[in-house]
Amino acid sequence: MKILVTGSQGFVGKNLIAELKNKGYYDIYEFSRESDISLLEKYTQDCDFVFHLAGINRPENEKEFMEGNFGFTSELLASLKKTGNKAPVLITSSIQADKDNPYGRSKKAGEDLLFDYYKETDVKVFIYRLPNLFGKWSKPNYNTVVATYCHNIARDLDIQINNPDAELTLCYIDDVLEEFLRALEGNPTSQGDFCAVPVTHQIKLGKLANLIKSFKESRKYLSISNMEDALTKKLYSTYLSFLPEDKFSYDLKMNCDHRGSFTEFIRTPERGQVSINVSKPGITKGNHWHHTKNEKFLVVSGEGLIRFRKIGSDEIIEYRVSGNKLQVVDIPTGYTHSIVNVGENDLVTVMWVNECFDPEKPDTYILEV
């Protein structure tokens with residue numbers, strides 16, 4: 001299948017082309033503002049499907065709205081008619097199309113062209129009135145407030161919040177792509193005369209800003225946002241895509257002594273804490289027990305011996321562990337336990353505990369195994 005994508009260098013266009021290739025569609029005609037207009041006739045003569053994503057939403061003067069959103073759409077459809085091509089056409093419009101402003105009127109004019117084209121040619125058209133889109137490769141101060149907030153917050157720049165209670169309808173780029181692929185296969189999500197992306201999210205502007213700020217703060221507090229919430233998960237992925245390229249990494253506080261080191265990695269109130277423990281050869285760590293706190297040990301490098309003794313018993317239980325065979329060892333409550341580096345190199349253990357360390361309630365009692 002040969003697919004024409006107008007607006008190929010834009011936010012949606014870049015994401016769509018990448019996903020089309022992921023799905024095995026490699027015959028893609030990419031048309032952008034920089035393309036020679038003569039290519040349009042060639043592409044419209046040959047294509048089997050049209051994703052018409054090109055448009056203007058932040059022009060230097062208002063007349064460019066109509067030129068970009070109506071004029072080029074008219075040119076595209078005229079070229080398809082001239083070549084007699086019956087390829088289905090998908091166009092991205094906006095929820096602003098029913099508003100009486102220059103942008104909305106230009107989008108509505110583009111929609112009307114598609115409806116007239118369908119009546120005249122009986123060619124399938126898919127008109128999507130999209131809300132505020134967000135995701136990777138969007139442009140700050142252009143595509144969406146999400147992009148602007150992510151870009152600025154990641155760089156310690158100020159953000160503007162005109163009305164924190166303003167309600168936004170957001171739609172994630174991956175959800176858009178899934179819907180567009182359904183349309184390509186002839187199964188769009190229809191809502192009357194229009195098509196729609198079925199997954200959208202509502203959030204107030206102030207909450208959006210605070211949530212994105214919390215992503216930046218998460219490095220400081222080693223926290224992880226609630227990824228069970230779909231919008232939070234999508235926004236966090238978007239935020240990471242806006243990190244400056246010299247800020248992908250961040251340091252952790254290593255608590256070092258002659259025995260090795262202990263470093264907290266992740267802390268969550270719901271899922272506990274993950275830490276990295278490094279023990280030098282011959283070193284024993286632990287020799288304590290817990291009432292309620294429980295742990296999982298995973299040795300990823302070196303050789304270790306994990307020893308247990310149930311409180312009130314003299315029997316010692318041993319588990320030999322190694323980075324050569326990854327095994328998780330549960331540390332039950334009521335057992336004093338230790339881990340000994342019995343190898344010649346550093347012993348590196350990933351440790352999960354079901355609750356974050358609280359110095360006021362450590363639930364840790366020293367006792368030799």
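**Entry 1: Asp122**

I started with Asp122 and asked whether this residue is buried or exposed. Its relative accessible area comes out at 61%, and since anything over 50% counts as exposed, Asp122 is exposed. I should jot down here that I am working with a predicted model. Next I looked up where Asp122 sits: the loop between helix H4 (102–121) and strand S5 (125–130). Its backbone caught my eye too, as phi is positive at about 65 degrees although Asp122 is not a glycine.

**Entry 2: Asp363**

I then turned to another aspartate with a positive phi, Asp363, where the angle is near 45 degrees, again in a residue other than glycine. Asp363 belongs to the loop between strand S20 (347–353) and S21. Is Asp363 buried or exposed? I found a relative accessibility of 12%, and because the limit for buried is under 20%, Asp363 counts as buried.

**Entry 3: the sheet that S21 belongs to**

From that loop I followed the chain into S21 and its sheet. I read off an open sheet of 5 strands in the order S17-S16-S19-S14-S21, with antiparallel pairing. Which strands stand at the edges? They are strand S17 (316–322) and strand S21 (365–366); each has a single partner strand, so one side of each has no neighbour in the sheet. For S21, I checked the pairing with strand S14 (residues 284–289): the two run antiparallel and are joined by 2 bridges. In this pair I noted Trp289 opposite Tyr365 in S21.

**Entry 4: the sheet of 3 strands**

My next stop was an open sheet of 3 strands, ordered S6-S7-S10, where the pairing is mixed. I listed strand S6 (132–134) and strand S10 (201–204) as its edge strands, each pairing on one side only. Ignoring direction, I get an average turn of 45 degrees between neighbouring strands of this sheet. S6 and strand S7 (residues 167–172) pair in the parallel sense, over 3 bridges. Here I found Phe134 standing opposite Tyr172 in S7.

**Entry 5: helices on that sheet**

Which strands does helix H7 touch? I found that H7 (residues 205–221) packs on the sheet and touches S7 and S10. The direction of H7 makes about 90 degrees with that of S10. I also looked up helix H8 (residues 230–241), which lies across S6, S7 and S10. H8 runs at about 75 degrees to S10.

Technical notes. Residues are numbered from 1 along each chain as its sequence is written. This is a predicted model: local features need pLDDT of at least 70, side-chain atom pairs count only at pLDDT 80 or more; totals for chains, interfaces and linings use all residues. Side-chain values use heavy atoms; hydrogens and water are left out. Two strands pair if DSSP finds at least two bridges between them. Helices (H or I, at least four residues) and strands (E, at least two) are DSSP runs, numbered from the N terminus. Axes are lines fitted to C-alpha atoms, for helices over the stretch in contact, and angles run from 0 to 180 degrees between N-to-C directions. Contact means heavy atoms within 4.5 Å. Buried means under 20% relative accessible area, exposed over 50%, partly exposed in between (1.4 Å probe, protein chains only).
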